[in-house]
Amino acid sequence: MKEFTCIVCPRGCRLKIDDELNVTGNSCPRGAEYAKNEVTNPKRMITSLMRVKNRENCVVSVKTSNAIPKGMIFQVMEEINKTGVNAPTNIGDVAISNVLNTGVDIIITKNIK
Ligand code: SF4
């Protein structure tokens, strides 16, 4: 039996999951799905900053378009850190497509003129 807090929404239900992947403590189906993923293939969203190459001392906020495997967080961060974008940027622009073949894009979350 494993126990952890659901991080899908601010309610923060305390989840329990047994070896047969039976989940208790969840107030909605998303918690059960989260618990099963957490023990079989844990994933996380990433938010970070990316260098703006054509502006001095400027960065733009970015995030993953979907959750990535937890074990790839540092590799994806390296890709974000070594990649830059040029201004202007628009919210929703793709900064890196299909980062490290995860099927997930790195998306810009700030407008810079
Ligand atoms: S189980 Fe459902 S209600 Fe509870 S924290 Fe997770 S998403 Fe929110």
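**Close-up views of two sheets, a ligand site and three loops**

**View A. Strand E6 (residues 59-64) and strand E10 (residues 106-108) pair in the antiparallel sense over three bridges.** Strands (E) are DSSP runs of at least two residues, numbered from the N terminus. Two strands pair if DSSP finds at least two bridges between them. Because this is a predicted model, local features need pLDDT of at least 70 and side-chain atom pairs count only at pLDDT 80 or more, while totals for chains, interfaces and linings use all residues. Residues are numbered from 1 along each chain as its sequence is written. Two pairs of facing residues can be found in this view. Lys63 is opposite Ile107 in E10, and Val62 is opposite Ile108 in E10. The side chains of E6 are divided between two faces: Val60, Val62 and Thr64 make up the covered face, whereas Val59, Ser61 and Lys63 make up the uncovered one.

**View B. E5 and E6 are joined in a hairpin, with six residues between the two strands.** The two strands run in the antiparallel sense and share five bridges. Met50 has Val60 of E6 as its bridge partner. Val60 also belongs to the covered face of E6. In the turn, Asn57 has a positive phi of about 50 degrees.

**View C. Five strands form an open sheet with mixed pairing.** What is the order of the strands in this sheet? Reading across, the order is E8-E5-E6-E10-E9. Strand E8 (84-85) and strand E9 (94-96) are the edge strands, and each pairs on one side only. The hairpin strands E5 and E6 of View B take part in this sheet, and so does E10.

**View D. The loop between E8 and E9 contains Pro88.** The peptide bond joining Ala87 and Pro88 is cis. Its omega is about 5 degrees.

**View E. The loop between E9 and E10 contains Asn98 and Asn101.** Asn98 has a positive phi of about 50 degrees although it is not a glycine. For Asn101, phi is near 60 degrees, again a positive value in a residue other than glycine. Are these two residues buried or exposed? A residue is buried if 20 or more other C-beta atoms, placed from the backbone, lie within 10 Å of its own, exposed if 12 or fewer, and partly exposed in between. Asn98 counts as exposed because it has 12 C-beta neighbours inside 10 Å. Asn101 counts as exposed because it has 6 C-beta neighbours inside 10 Å.

**View F. Three strands form an open antiparallel sheet in the order E1-E2-E3.** Strand E1 (2-5) and E3 stand at the edges with a single partner strand each, so one side of each has no neighbour in the sheet. E1 and E2 run antiparallel and are joined by four bridges. Phe4 is found opposite Leu15 in E2. E2 and E3 also pair in the antiparallel sense, over two bridges, and Ile17 is found opposite Val23 in E3. Which side chains of E2 are buried? Leu15 and Ile17 point to one face and are buried. Arg14 and Lys16 point to the other face and are not buried.

**View G. E2 and E3 form a hairpin with five residues between the strands.** Leu21 takes a positive phi near 65 degrees in this hairpin. Asn22 lies in the loop between strand E2 (14-17) and strand E3 (23-24). Asn22 is exposed because 12 other C-beta atoms lie within 10 Å. From Asn22 to Ile96 the distance is 37 Å, C-alpha to C-alpha. In sequence, Asn22 and Ile96 are 74 residues apart.

**View H. The ligand has a shell of residues around it.** Each shell residue has its C-beta atom, placed from the backbone, within 6 Å of the ligand. Which residues surround the ligand? The cysteines among them are Cys6, Cys9, Cys13 and Cys28. The shell also includes Val8, Arg11, Gly12, Asn26, Ser27, Arg30 and Gly31.

**View I. The protein is divided into domain 1 (2-40) and domain 2 (47-108).** The bounds come from an automatic or database domain assignment. How many Å separate the C-alpha centres of domain 1 and domain 2? The two centres lie 29 Å apart.
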